[in-house]
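Dear colleague,

I am handing over the structure we spoke about, and below it you will find my notes on what turned up in it. Please read them with the model open beside you.

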Amino acid sequence: MALPKHASTLERVWHYTYLVICVVIFIFLIAPILVIIPLSFNAEPYFTFSDKMLKFDPEGYSMRWYDLLLTFGMQAPEAPRDGSWWADAWSNAQWIQATKNSIIIGFFSTILATTLGTIAALGLSRPEMPGRRAVMAILISPMIVPIIITATGLFFFYSSIRIQDWGIPYLGIILAHATLGIPFVIITVTATLVGFDHSLTRAAANMGADPVTTFLRVQMPLILPGVISGALFAFVTSFDEVVVVLFVGGLDEQTIPRQMWNGIREQISPAILSVATILVIISIALLTVVELLRRRSERLRGMSPG
């Protein structure tokens, strides 16, 4: 935001001081990421910058740790990279298995969290709903309660109902991650519903539309940016979560964060930095989509002229 021409000297000094403070805080927050990314290309098996890296020697950089993500756990990693090699990687590579598990769990937990969270947000947006504040506080409590408490409670609850005997893969983790993702959906959809003109739904009902048609044809197009944003936050929450997986996940339910945790405990490898770099890129892409959706939502509600 540009300073007005009539700004005083003190206002100008504070303005530029404020900008400097923001830049310093931004650098402080992003510094760990700036360190991790180049280290993931280290040719040496260390978590420090080698002399060749500091000298920008091409021999100091390598893609070996990204390649290890494909070969770690394979039966024949040195075989020619033909169709059978890729089949071996798809079936046996541990990082690929963890990625598949994370995507499956994230997808179904996101669907569940988005559906339940959107329904809850629609109900909470009605002014005539009794106890809205209390209900909202209960629904967003998973964001407030320490994750270790949630994981411990889920562990004992699942043990009491013996969910592991139900024979449904990933069920416990999916339900747990959906619980953690619902608050994000509720908050984003509720924010989208601020200023929503409920006379539109009444007009649709007066014209003979049933509740389902009214929701799909009137409400959903207006709240869709908030729904997608909430779904993205729920997916990222599931994709990055490790504590609950450690408590309730089975031995064959290794997700990417759990695989990273095991790698740190058992054998420290720069391959973890490669995974972290990929996750950072994915997170940046998702946050960019969220920001674009936020701007679109503001335009649809007439809050932004852009």
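Gly-123 counts as partly exposed, because its relative accessibility is 25%, a value that falls between the 20% limit for buried and the 50% limit for exposed. The residue belongs to helix 5, and its C-alpha atom is separated by 13 Å from that of Ala-134, 11 residues apart from it along the chain. Please bear in mind throughout that this is a predicted model.

Two further residues of helix 5 deserve a look. Thr-114, also placed in helix 5, counts as buried at 13% relative accessibility, and its contacts beyond four places in sequence are with Val-185, Val-227 and Ala-231. Ser-102 is found in helix 5 as well, which runs over residues 94-124, and it too counts as buried, here at 3% relative accessibility. Leaving aside residues up to four places away in sequence, Ser-102 touches Phe-239, Thr-255, Ile-256 and Pro-257. With Phe-239 the C-alpha separation is 5.9 Å, although the two residues are 137 apart along the chain; with Ile-256 there is a polar approach, in which the side chain of Ser-102 reaches the backbone nitrogen of Ile-256 at 2.9 Å.

As for annotation, the unreviewed UniProt entry lists residues 16-41, 103-124, 136-158, 170-196, 222-248 and 268-293 under "transmembrane region". I looked at two of these spans in the model. Residues 103-124 are 100% helix and 0% strand, with end C-alpha atoms 30 Å apart, whereas residues 222-248 are 93% helix and 0% strand, with end C-alpha atoms 38 Å apart.

The loop between helix 8 and helix 9 contains two residues whose backbone I would ask you to inspect. Most residues other than glycine have a negative phi. Arg-162, which lies in that loop, nevertheless has a positive phi near 50 degrees, and Tyr-170, which lies in the loop between helix 8 and helix 9 too, has a positive phi of about 65 degrees without being a glycine. In accessibility, Arg-162 is partly exposed, with a relative accessible area of 47%, while Tyr-170 is buried, with a relative accessible area of 17%.

Turning to the empty space in the model, the largest pocket holds about 340 Å³. Its lining is made up of 19 residues, and the closest to the centre of the pocket are Ile-163, Gln-164, Val-248, Gly-250 and Glu-253. Helix 8 (147-161), helix 9 (171-193) and helix 12 (243-248) each supply at least two residues of this lining, which by class comprises 11 nonpolar, six polar and two charged residues.

There is also one cavity of 30 Å³ or more, and the largest cavity has a volume of about 40 Å³. Which residues line the largest cavity? They are Phe-235, Val-236, Phe-239, Asp-240, Leu-279, Ile-282, Ser-283 and Leu-286, and by class they divide into six nonpolar, one polar and one charged. Helix 11 (211-240) and helix 14 (271-300) each contribute at least two residues to the lining of this cavity. Phe-239 thus appears twice in these notes, since it lines the largest cavity and is also touched by Ser-102 of helix 5, where contact means heavy atoms within 4.5 Å.

With kind regards

Key. Residues numbered from 1 in each chain as written. Predicted model: local features only at pLDDT ≥ 70, side-chain atom pairs only at ≥ 80, totals over all residues. Heavy atoms only, no water. Helix = DSSP H or I, 4+ residues; strand = E, 2+ residues; numbered from the N terminus. Buried < 20%, exposed > 50% of the residue type's maximum accessible area, 1.4 Å probe, protein only. Polar contact = N/O pair within 3.5 Å; in protein donor to acceptor, adjacent residues only side chain to side chain. UniProt positions renumbered as here; feature names shortened; annotations may be inferred. 1 Å grid on protein atoms, 1.4 Å probe; cavity = no way out; pocket = protein on both sides within 12 Å on 5 of 7 lines; lining within 4 Å. Points joined across faces, edges and corners; volume = space filled by probe spheres on them. Nonpolar A, V, L, I, M, F, W, Y, C, P; charged D, E, K, R; others polar.
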